Amino acid sequence: MQAPARYLVIIDSDGAQTAMLFTAARLRVAEFDAGTEEIAVMTTGLAPTRSATAPEWDKALAGSTPAARAAAEVYELDV
């Protein structure tokens, strides 16, 4: 059984906004276009942290630029 998604990260990837779901251990479980309707539903009532530069995101977002990580929106989901 897969662990539930705990974090939603919206990050710029080659000029397009990408949404990624991560477990509490910051393992990526899904990736999709951040422009989908599901994003609005998942983030209703949640306020994002404006950065994914903390060390705990280093491995999970290793392919992203420092600028993209600094501008990323990180939502902690209710599970």
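**Close-ups of a small sheet, its turns and its pocket**

**View 1. M20 faces E31 across a strand pair.** M20 stands opposite E31, which sits in strand 3. This is a predicted model, where local features need pLDDT of at least 70 and side-chain atom pairs count only at pLDDT 80 or more, while totals for chains, interfaces and linings use all residues. Residues are numbered from 1 along each chain as its sequence is written, and side-chain values use heavy atoms, with hydrogens and water left out. Look also for A19, which stands opposite F32 in strand 3. Strand 2 (16-22) and strand 3 (28-33) run antiparallel and are joined by five bridges. A strand here is a DSSP run (E, at least two residues), numbered from the N terminus, and two strands pair if DSSP finds at least two bridges between them.

**View 2. Four strands make an open sheet.** Which order do the strands follow across the sheet? Read it as 3-2-1-4, with antiparallel pairing. Strand 3 and strand 4 (73-76) are at the edges with a single partner strand each, so one side of each has no neighbour in the sheet. From one strand to the next, the twist averages 20 degrees; the axes behind it are lines fitted to C-alpha atoms, and angles run from 0 to 180 degrees between N-to-C directions. As background, strands of a sheet pair through backbone hydrogen bonds, parallel or antiparallel.

**View 3. A hairpin turns at R26.** Strand 2 and strand 3 form this hairpin, with five residues between them. R26 belongs to that loop, and its phi is near 65 degrees, a positive value in a residue other than glycine. Most residues other than glycine have a negative phi. R26 counts as buried because its relative accessibility is 18% (buried is under 20% relative accessible area, exposed is over 50%, partly exposed is in between, with a 1.4 Å probe and protein chains only). T23 shares a place in the loop between strand 2 and strand 3. Is T23 buried or exposed? At 6% relative accessibility, T23 is buried. Leaving aside neighbours within four places in sequence, T23 is in contact (heavy atoms within 4.5 Å) with A3, P4, A5, R6, Y7 and V29.

**View 4. Two exposed spots, D14 and Q2.** D14 lies in the loop between strand 1 and strand 2, and it counts as exposed because its relative accessibility is 81%. Its phi, near 55 degrees, is another positive one in a residue other than glycine. Q2 comes in the segment before strand 1 (7-13) and is exposed at 56% relative accessibility. The C-alpha atoms of Q2 and E31 are 15 Å apart, and the two residues are 29 apart along the chain.

**View 5. The largest pocket has a volume of about 210 Å³.** A pocket, on a 1 Å grid over the protein atoms alone, is an open set of points with protein on both sides within 12 Å along at least five of seven lines, where a 1.4 Å probe fits; lining residues have an atom within 4 Å of a point. Points join across faces, edges and corners, and the volume is the space filled by probe spheres set on them. Of the 15 lining residues, D12, S13, G63, S64 and T65 lie nearest the centre. Strands 1, 2 and 3 each give two or more residues to the lining, and strand 1 gives the largest share, three. By class, the lining has six nonpolar, five polar and four charged residues (Ala, Val, Leu, Ile, Met, Phe, Trp, Tyr, Cys and Pro are nonpolar; Asp, Glu, Lys and Arg charged; the others, Gly among them, polar).
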